[in-house]
Amino acid sequence: MTLEKLPLAKTQQFDPIFLDYLAGESKLNSFYHRPPQLASFSEQLAEKQFSAEQRSTLVAVLQQQYQSIDSSAAVTENIQGLADDKTFTVTTGHQLNIFTGPLYFIYKIVTVINACRELKEKHPDHKFVPVYWMASEDHDFEEISYFSLFGKTYTWETDQQGAVGRFQLNGLGDVLDALPEKTPIFEEAYHKQENLADAVRYYVNELFGKYGLVVLDADDAQLKSSFAAVMKDDLLNHTAKQKVEKTSAKLEELDYKTQVFPREINLFYLHKASRERIVREGEKFQILNTNHIFSEEELLQELEEYPERFSPNVILRPLYQEVILPNLAYVGGPSELSYWLQLKPAFDHYQVTFPILIPRNFALVINKTNAKKLQKVAIPTEDLFLDTQSLVKKFVEDNTDANISLQEEKSALAQVFETIKEKARAVDGSLEGFIGSEANQSFKSLSNIEKRLKKAEEQNQETSVKQLEGLKDKLFPEGSLQERKENFLNFYINNPHFIEELLETFDPFDFQFHILNEGE
């Protein structure tokens with residue numbers, strides 16, 4: 001496998017706020033704490049506070065969650081190590097997509113593992129634990145219900161509602177039976193585990209446990225109790241809304257699009273098969289789409305007795321994460337890191353250290369079959385990131401022996417009409433408008449001729465153009481980046497060393513687009 005790297009800006013796939021953050025644009029400095037560089041971690045280590053009591057709670061919860069898992073020595077050691085005040089985490093989070101969902105989930109995990117390895121080399125007196133935070137409380141089932149394998153989409157059909165981590169696994173057996181290949185890891189996960197959170201923990205541990213990755217389900221009463229003070233403040237004072245709205249306004253003044261929008265109360269009520277918003281109506285608190293109504297006193301009593309029934313939304317979840325983990329950095333995609341930039345004042349208010357924001361690795365994997373096609377059409381890999389129309393146009397122009405551009409002729413024609421205008425001005429200035437109109441018509445005719453020439457050349461290269469379009473469709477399904485559509489099984493089934501190769505190839509602090517060519 002060979003590696004080529006491309007600056008992210010050249011892919012034309014990323015929003016300005018994300019690229020400006022990576023470029024260190026000074027206008028964004030106030031929206032984060034420290035830049036995503038290895039040199040930033042010395043100060044981050046010195047600042048991050050995490051008590052012995054918090055560590056004890058975290059270790060106890062993780063040990064409980066791993067009771068039914070045959071964890072590796074590396075995972076066991078990492079969980080126990082979290083009790084030590086010199087142990088810290090690097091975290092990524094993701095939804096519980098079936099069969100891992102899109103490729104970039106795998107890239108997130110690889111990035112946190114490699115980041116911890118590099119930090120250990122830089123700070124040998126500390127221990128760094130890679131953590132995957134399961135979004136087990138998310139209730140958007142549709143987003144996690146499908147995945148793509150070998151060009152076909154497979155979907156889990158179920159009527160269950162509420163937090164997806166609590167879903168029973170009924171119906172996933174039908175998905176397994178429909179697959180063209182056996183997948184032992186997922187068969188074990190979906191046939192023998194109790195719910196979706198347990199299944200995800202199982203297969204992530206099978207794939208990454210030997211590298212020491214720790215999987216955390218924060219849908220837990222002990223962990224929630226340590227966040228109760230913040231949740232109480234959100235219910236009564238709505239601090240997060242005030243802080244985030246001000247930050248969002250500042251970003252919008254800088255012409256950046258904001259990703260998330262705070263509510264007055266940024267908590268859901270999570271109970272049994274329901275996760276619904278909490279809203280205040282007068283002196284009462286209503287749980288939407290239910291008959292549950294609480295007085296302020298009743299709701300605060302509920303929070304004290306059942307903190308696990310209160311579920312942070314996208315505004316408070318990052319803060320919850322940083323309260324319950326000795327975390328130094330968060331690894332995320334471009335949209336995630338963009339909305340984290342809206343949150344720093346809330347962290348400052350609650351005196352929680354804002355994590356270093358590290359972009360996950362980005363990649364395009366070209367398998368052996370597609371590598372042969374790429375070699376045949378002989379284009380620079382950078383051109384693959386062009387839209388199909390631009391790609392074909394450039395390919396035809398680069399591969400024709402004839403000069404089908406009429407730019408020189410257009411320039412010459414413009415000079416001719418300018419000369420005519422000068423002559424007309426000396427005779428009758430009113431003719432200038434007429435001459436301009438005739439010029440426009442002539443330019444239009446030249447443009448039509450040029451289009452016909454290009455079309456004729458495309459027909460001459462029809463076979464090559466079709467091969468190129470086919471390659472583009474394979475590598476950019478539905479016009480999107482491969483990592484956002486394809487599942488890792490597309491590569492792992494035929495190459496069991498795929499994850500190991502990613503770990504060896506990706507550099508967590510090199511923020512470029514990785515192009516991995518398996519054919520060379």
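Are Phe18 and Phe362 buried or exposed? Both Phe18 and Phe362 are buried. I will come back to that pair after the overall picture. Please keep in mind that this is a predicted model.

First, the whole chain. The protein has 520 residues, and 53% of them count as buried. Its secondary structure comes to 24 helices and 15 strands. Along the principal axes, the C-alpha atoms fill a box of roughly 95 × 55 × 50 Å. Take the contacts between residues at least 6 apart in sequence: 74% of those join residues at least 24 apart.

Now the surface and the charges. About 24300 Å² is exposed, and carbon and sulfur atoms supply 45% of that area. On the charge side there are 81 negative and 55 positive side chains. The centres of these two sets lie 3 Å apart.

Next, the aromatic residues. The count of aromatic pairs comes to 31. One of them is Phe18 with Phe362, an edge-to-face pair with 5.9 Å from centre to centre and 75 degrees between the planes. Phe18 sits in helix α2, residues 16–23, while Phe362 sits in strand β14, residues 362–366. The two are 344 residues apart, so this pair links distant parts of the chain. As I said at the start, both are buried.

Another pair is Phe105 with Tyr132, also edge-to-face, at 5.2 Å centre to centre and 70 degrees between the planes. Here Phe105 belongs to helix α6, residues 104–122, and Tyr132 to strand β3, residues 127–134. They are 27 residues apart. Why do we call Phe105 buried? Because its relative accessible area is 2%, and the cut-off for buried is under 20%. Tyr132 is buried as well, with a relative accessible area of 0%.

There is also a cluster. Ring pairs link Phe99, Phe147, Tyr154, Phe186, Tyr190, Tyr203, Phe488 and Tyr492. Two members of that cluster, Phe147 and Tyr154, bring us to a hairpin. Strand β4, residues 146–149, runs antiparallel to strand β5, residues 152–155, and four bridges join them. Phe147 stands opposite Tyr154 in β5. Between the two strands there are two residues, and Phe150 in the turn has a positive phi of about 50 degrees.

Let me finish with Phe310 and what lies around it. Phe310 is found in strand β11, residues 310–312. Its relative accessibility is 0%, so Phe310 counts as buried. Which residues does Phe310 touch, leaving aside those up to four places away in sequence? They are Glu137, Lys224, Met231, Leu235, Phe268, Tyr269, Ile278, Leu299, Glu302 and Leu303. For Tyr269, which is 41 residues away along the chain, the C-alpha separation from Phe310 is 5.0 Å.

Two of those contacts, Met231 and Leu235, are in helix α12, residues 228–236. Both are buried, and so are Ala228, Val230, Asp233 and Asp234 in that helix. As background, an α-helix has 3.6 residues a turn, so residues three or four places apart point the same way. Just after α12, His238 takes a positive phi of about 55 degrees.

That is the end of my part.

How values were computed:
Residues numbered from 1 in each chain as written. Predicted model: local features only at pLDDT ≥ 70, side-chain atom pairs only at ≥ 80, totals over all residues. Heavy atoms only, no water. Buried < 20%, exposed > 50% of the residue type's maximum accessible area, 1.4 Å probe, protein only. Contact = heavy atoms within 4.5 Å. Areas by Shrake-Rupley, 256 points an atom, 1.4 Å probe, with all protein chains shown as cover. Lys, Arg positive; Asp, Glu negative; His and termini not counted. Charge placed at Lys NZ, Arg CZ, Asp CG, Glu CD. Pairing = 2+ DSSP bridges. Phe/Tyr/Trp six-rings, centres within 6.5 Å; stacked < 30°, edge-to-face > 60°.
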